[in-house]
Amino acid sequence: MPPGDNILRRNYLPDDLKPILEEHRFGGTVLVQANTTMRETTWLLDLASANPFILGVVAWVDLTSPGLPAVLDQLQKHTGFKGVRHPVHDEPDTNWLLRKDVMTGLKELERRDIPFDLLLRPIHLALIPRLTEAVPKLRMVIDHIAKPPIAEGRLEGWAQDIATAAKIPGLHCKLSGMVTEANHEAWAAGDLHPYVQHVLKNFGPERLMFGSDWPVCKLAGSWKQVLAAFTQACGPLQQDVRDKILGDTAAAFYRLATN
C-alpha cells in the first residue's frame with residue numbers, strides 16, 4: 001500500500017491520468033476542486049480547455065461573497081464549468097450550510113441551475129432536508145457517500161441519515177472516496193460492501209455515480225484498485241445499471257458533452 005501522505009507531495013497532471021482512463025476504457029473525466037482559491041478554479045478550467053478528455057470541472061467559488069454573481073457570470077462563459085463544491089466538512093461551524101450568507105450563494109446557484117457537490121461528513125447529513133427545503137431546485141450530489149467510518153466498520157447513524165436523504169427527489173450520491181475512509185494499510189473490498197449496498201439500495205443507479213477520487217485515493221490504493229473494489233462491493237450488476245453508475249448518471253447530472 002502507498003507510504004502515507006508523502007505520495008501526494010507531487011503534481012498529478014492530465015498526462016498522468018489519461019493513460020489510466022484509456023487502459024480502463026473510460027472516455028473522459030470530471031475534475032473536482034481541491035483548494036479554496038480562484039487561482040485553482042482558473043487553472044482547472046485551463047486544463048479542461050487544453051485536454052478534451054476533461055469533460056467538466058466542478059470548481060470552488062466563495063459562496064459568501066457579495067461578488068458571487070459577477071464571478072459566476074465569468075465562469076459560465078467557459079463550457080467546461082459544470083458545478084461548484086465547497087469543503088463543508090472543513091468548516092468549524094457544523095451548520096455552515098444553513099448560514100444566511102451561504103444560503104444566499106446557494107440560491108444564486110439554484111437560480112442559474114448550477115449543480116452543487118456536498119462534501120460532507122455523517123454529522124452534516126441531518127442538514128440536508130432543511131437545505132433542500134430552502135433551495136428545492138438546486139441540483140446536489142453527496143460526495144464520498146458522506147465519509148462514513150468504514151475503518152471502524154460502523155453504519156449506525158450514517159445509514160439512517162443517508163437513507164433519509166435519499167428520499168429527497170433529485171438528490172444524487174457519489175460512490176467515491178471510500179478506500180481512504182477504510183484502513184489505508186489493510187482494507188479489502190468486503191469492508192466497503194455494506195456501505196455500497198446500502199447506498200445502492202436507497203439511491204438506485206439513476207442517482208449514483210462512480211468517482212475514483214484520484215489522486216487522493218493513492219493514500220490507500222491505485223485507480224485500478226479503487227475500480228476493482230467498487231466492482232466487487234457492488235456485486236453482479238446488469239450492464240445498463242453498471243453503465244449508469246460508471247458514467248451515464250454523471251453525464252446527465254453535470255450535462256456533459258460525451259460522444
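**Salt bridges, sheet and core of the predicted model**

D143 is joined to R85 by a salt bridge in which the closest N and O atoms are 2.9 Å apart. The structure described here is a predicted model. D143 lies in the loop between β5 (140-142) and α6 (158-166), while R85 belongs to strand β3 (residues 81-86), so the pair ties together parts that are 58 residues apart in sequence. Both D143 and R85 are buried.

D143 also takes part in a salt bridge with K174, with an N to O distance of 3.8 Å. K174 is located in strand β6 (residues 172-175) and D143 in the loop between β5 and α6, so this second pair ties together parts that are 31 residues apart in sequence. K174 is buried, as is D143. Elsewhere, D73, E108, R111 and R112 are joined into one network by salt bridges that share partners.

The structure holds 13 salt bridges. One of them links D101 and R99, whose closest N and O atoms are 2.7 Å apart. D101 has a relative accessible area of 30% and is therefore classed as partly exposed. R99, with a relative accessible area of 31%, is likewise partly exposed.

The strands β3, β5 and β6 belong to an open sheet of 7 strands, arranged in the order β1-β2-β3-β4-β5-β6-β7 with parallel pairing. The edges of this sheet are formed by β1 (29-32) and β7 (208-210), each of which pairs on one side only. From one strand to the next, the twist averages 30 degrees. Helix α7 (residues 189-203) packs on the sheet and touches β5, β6 and β7. The direction of α7 makes about 155 degrees with that of β6.

At the β1 edge, the pairing with strand β2 (residues 54-59) is parallel and extends over 4 bridges. Within this pairing, T29 stands opposite I54 in β2, and L31 stands opposite V57 in β2. The side chains along β1 alternate between the two faces. T29 and L31 point to one face and are buried, whereas V30 and V32 point to the other and are not buried.

In soluble globular proteins, nonpolar side chains tend to be buried together. In the present model, the largest nonpolar core comprises 80 residues. Within this core, L97, L106, F116, L118 and I142 touch the most other members. Apart from this core lies another, of 8 residues, including V58, M209, F253 and L256.

The surroundings of F116 illustrate the packing of the largest core. With neighbours within four places in sequence left aside, F116 is in contact with L63, V84, R85, H86, L97, L106, L109, L138, R139, M140 and V141. R85, one of these contacts, is the residue that forms the salt bridge with D143.

L106, a further contact of F116, is placed in helix α4 (residues 100-112). The relative accessibility of L106 is 0%, and L106 therefore counts as buried. Beyond the neighbours within four places in sequence, L106 is in contact with L63, L97, F116, L131, V135 and L138. L63, L97 and L138 thus appear among the contacts of L106 and also among those of F116. The C-alpha atoms of L106 and A134 are separated by 9.2 Å, although these residues are 28 residues apart along the chain.

The cysteines were examined for cross-links. A search of the whole structure finds 0 disulfides. C217 is in no disulfide, and the nearest cysteine sulfur, that of C234, is 16 Å away. A disulfide would require the two sulfur atoms to be within 2.5 Å. C217 has a relative accessible area of 1% and is therefore buried. For C234, which is also in no disulfide, the nearest cysteine sulfur is that of C173, at 12 Å. C234 counts as buried because its relative accessibility is 5%.

Methods: Residues are numbered from 1 along each chain as its sequence is written. This is a predicted model: local features need pLDDT of at least 70, side-chain atom pairs count only at pLDDT 80 or more; totals for chains, interfaces and linings use all residues. Side-chain values use heavy atoms; hydrogens and water are left out. A nonpolar core is a set of buried Ala, Val, Leu, Ile, Met, Phe, Trp, Tyr and Cys residues joined through side-chain atoms within 4.5 Å. Buried means under 20% relative accessible area, exposed over 50%, partly exposed in between (1.4 Å probe, protein chains only). Contact means heavy atoms within 4.5 Å. A salt bridge is a side-chain nitrogen of Lys or Arg within 4 Å of a carboxyl oxygen of Asp or Glu. Two strands pair if DSSP finds at least two bridges between them. Axes are lines fitted to C-alpha atoms, for helices over the stretch in contact, and angles run from 0 to 180 degrees between N-to-C directions.
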